[in-house]
Amino acid sequence: MDFSSKILENAVNEVSRLPGIGKRTALRLVLHLLKQPSEHTKYLSEALLHVRNDVKSCEKCHNISDTLVCDICQNPRRNAEVVCVVEDIRDVMAIESTSQFKGLYHVLGGKISPIEGIGPQNLQIESLVRKIESGEVKELIFALSSTMEGDTTNFYIFKQIEKFDIITSTIARGISVGDELEYADEVTLGRSIVNRIPFEQSIRS
């Protein structure tokens, strides 16, 4: 792709670094910004810098937050005895959109994947085990995607906590095997949360 401007080329190269954005799409976006009033680009750049510099990780659940403790963890109407384990913020948003879950979350920050070099030590598993050791959690819901990596992560966590007196369940397989949680429709995801099954049963099935 030949550019008449080095500045334009640099902007396109940076935008194309974003996931799912190729050079042609990046060029279309950059050209769109050039046609907009300059303050629009200023607002966008300020918003991105604000996200990069000021967004925090909730010290309780590791969800993305504006404060040290996120709104969900601070909400007294949530059931703190039930914790739903998810991969990242997108899964929290997906489950919250169903309005079916009233407990808290624990965001792992990924899934165990030896191929990608991601081991248990790279995830927020140790803090989850400590939370369960404290006795504040009565039920743990595994809500990772139904993939080999998701099932491996579920099983690893289960083995770490099986000595504790806690109920473990997993979302019902209304979510197709191999599907990513964030792409599930709200009705299916909501039913999966409501109709969750004991984790031991999911291992045998």
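Is the crossing of H1 and H2 left-handed or right-handed? It's right-handed. Keep in mind that the model you're looking at is a predicted one.

## How H1 and H2 cross

Start with helix H1, which covers residues 6–15, and helix H2, which covers residues 23–35. Their axes come within 8 Å and cross at roughly 120 degrees. An angle that is not under 35, not over 145 and not from 65 to 115 counts as oblique, so H1 and H2 are oblique to each other.

## Where the two helices touch

On the H1 side, look for Leu8, Ala11, Val12, Asn13 and Val15. They meet a set of H2 residues: Lys23, Ala26, Leu27, Leu29, Val30, Leu31 and Leu34. Sort the residues of this contact by class and you get 10 nonpolar, 1 polar and 1 charged.

## The largest pocket

Next, find the largest pocket, with its volume of about 240 Å³. Helix H3 (38–54) joins in here: H1, H2 and H3 each supply at least two residues of the lining. H3 gives the most, with 4 residues.

So who's in the lining? Going along the chain, you'll pass Glu14, Val15, Leu18, Leu29, Val30, Leu33, Thr41, Leu44, Ser45 and Leu48. By class, that's 7 nonpolar, 2 polar and 1 charged. Val15, Leu29 and Val30 are worth spotting twice: they're among the residues in the H1 and H2 contact, and they also line this pocket.

Technical notes. Residues are numbered from 1 along each chain as its sequence is written. This is a predicted model: local features need pLDDT of at least 70, side-chain atom pairs count only at pLDDT 80 or more; totals for chains, interfaces and linings use all residues. Side-chain values use heavy atoms; hydrogens and water are left out. Axes are lines fitted to C-alpha atoms, for helices over the stretch in contact, and angles run from 0 to 180 degrees between N-to-C directions. A crossing is left-handed if the near helix is turned anticlockwise from the far one by less than a right angle, and right-handed if clockwise. Contact means heavy atoms within 4.5 Å. Ala, Val, Leu, Ile, Met, Phe, Trp, Tyr, Cys and Pro count as nonpolar, Asp, Glu, Lys and Arg as charged, and the others, Gly among them, as polar. On a 1 Å grid over the protein atoms alone, a cavity is a set of points where a 1.4 Å probe fits but cannot get out, and a pocket is an open set with protein on both sides within 12 Å along at least five of seven lines; lining residues have an atom within 4 Å of a point. Grid points are joined across faces, edges and corners, and a volume is the space filled by probe spheres set on the points.
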